[in-house]
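Here are some questions for a first look at this structure. Each answer ends on the value or name asked for.

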Amino acid sequence: MAAPRAGGIQLQAQSQSLPSPSQFLRLVAQERGIHSMRESVTPGSREKRRTLLQFLTDHFQDVQTLREYWLQKQILKVNQENRHFTAIQNKYGPYVAGALFVLKQGGAVKFQDQEWIRPNERGHFLAELPKFQDVSVEAVDASGCAINYQGMSNLLPLKELRYLSLQRCPYVDDWCLSRLYVLAGSLQELSLAGCPQVSERGLACLHHLQNLRRLDISDLPAVSHPGLTQILVEEMLPHCEVLGADWAQNLKAGPDQQPQNTSSPLSS
């Protein structure tokens, strides 16, 4: 995993010399726009502070204005987290850039023939990524991550991706699904369970993914007719196992074949 110490920690060189963890961390910091971690505090800074109540009184006239302000703040934060890791991709390739994006979002990645890599509180995974720059990413678990349309640009270069979980991602919408056709040659499993902004229009875009073998579209509140939608998706992807609500199966069964309890969802 690591070469002998010689004045600093270095990763073992393969086809070319790999960066040290400190060099990689500096590049990540530059990508995040962190130019300096030292911030001086002026003596008069405490005097200039205002209480939260004073700030709200000075800048907001009503609750609606306050809500709009915090919404804009949240949008800016999400967009910053979904920026394209251009510098990382140019230096280390699309596999490292895509993996770094997912890990910083709180997800997990699996390189080919490797164990899953998950983030930890100290960010130790950063030092391990450069050695995988020539190893394809075969699985991504981005469950619950704040990935949006812009952030999908970090996943689409993963041309060998076979498994992708986007379940419970609050910003994954129909426009995001319209971009997945780029992965049609490799993607075999896809989970969209619990995505609040995915509707029938987005699911219709999945007709390009003819290599899919398993698709989870359960618990999609924006889908008005989940049972009928599941049947249509199954016809659209005849070689794919489509998971949805139990009662979707009941629509295809005769009256004598329908189970009495139709409220529980299918287990994944």
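Q: In what order do the strands of the open sheet lie?
A: This is a predicted model. Its open sheet has seven strands with mixed pairing. The order is β2-β1-β3-β4-β5-β6-β7.

Q: Which strands stand at the edges of the sheet?
A: An edge strand here has a single partner strand, so one side of it is left without a neighbour in the sheet. Two strands fit that description: β2 and β7 (241–243).

Q: Which residue in β7 is the bridge partner of Arg214?
A: Strand β6 covers residues 214–216. Three bridges join β6 to β7, and the two run parallel. The partner of Arg214 in β7 is Glu241.

Q: Which strands does α6 touch as it packs on the sheet?
A: Helix α6 spans residues 94–104. Its direction makes about 155° with that of β1. The strands touched by α6 are β1, β2 and β3.

Q: How many of the residues of α6 are buried?
A: The helix is mostly covered. Its buried residues include Tyr95, Gly98, Leu100 and Phe101. Of eleven residues in α6, the buried ones number nine.

Q: Which element gives the most to the largest nonpolar core?
A: This core has 52 residues. The elements that give two or more residues to it are α5, α6, β1, β3 and α7 (174–177). With eight residues, the top contributor is α6.

Q: Which residues have the most contacts inside the largest nonpolar core?
A: In soluble globular proteins, nonpolar side chains tend to be buried together. Leu215 shows a long contact list here: among its partners are Leu190, Leu206, Val233, Leu237 and Val242. Those with the most contacts inside the core are Leu190, Leu203 and Leu215.

Q: How many aromatic pairs does a search of the whole structure find?
A: A pair of aromatic rings is described by the distance of the centres and the angle of the planes. Ring centres must lie within 6.5 Å to count as a pair. The search finds three.

Q: Is the pair of Phe85 and Phe101 stacked or edge-to-face?
A: The ring centres of Phe85 and Phe101 are 6.1 Å apart. Their planes stand at 90°, and planes over 60 degrees apart count as edge-to-face. So the pair is edge-to-face.

Q: How many residues apart are Phe85 and Phe101?
A: Phe85 is buried, at 2% relative accessible area. Phe101 is buried too, at 1%. Phe85 lies in the loop between α4 (63–81) and α5 (86–92), and Phe101 lies in α6. The pair links distant parts of the chain, 16 residues apart.

Q: Is the pair of Phe111 and Phe132 stacked or edge-to-face?
A: The ring centres of Phe111 and Phe132 are 4.5 Å apart. Their planes are at 20°, and planes under 30 degrees apart count as stacked. So the pair is stacked.

Q: Where in the chain is Phe132?
A: Its partner Phe111 is in strand β1 (residues 108–111), 21 residues away. Phe132 counts as buried, at 8% relative accessibility. Its place is the loop between β2 (116–117) and β3 (137–141).

Q: Which residues does Gly151 touch, not counting those up to four places away in sequence?
A: Gly151 is in the loop between β3 and β4 (163–165). Gly151 is buried, with a relative accessible area of 0%. The residues it touches are Asn82 and Phe101.

Key:
Residues numbered from 1 in each chain as written. Predicted model: local features only at pLDDT ≥ 70, side-chain atom pairs only at ≥ 80, totals over all residues. Heavy atoms only, no water. Phe/Tyr/Trp six-rings, centres within 6.5 Å; stacked < 30°, edge-to-face > 60°. Helix = DSSP H or I, 4+ residues; strand = E, 2+ residues; numbered from the N terminus. Buried < 20%, exposed > 50% of the residue type's maximum accessible area, 1.4 Å probe, protein only. Pairing = 2+ DSSP bridges. Contact = heavy atoms within 4.5 Å. Axes fitted to C-alpha atoms, helices over the stretch in contact; angles between N-to-C directions. Core = buried A, V, L, I, M, F, W, Y, C linked by side-chain atoms within 4.5 Å.
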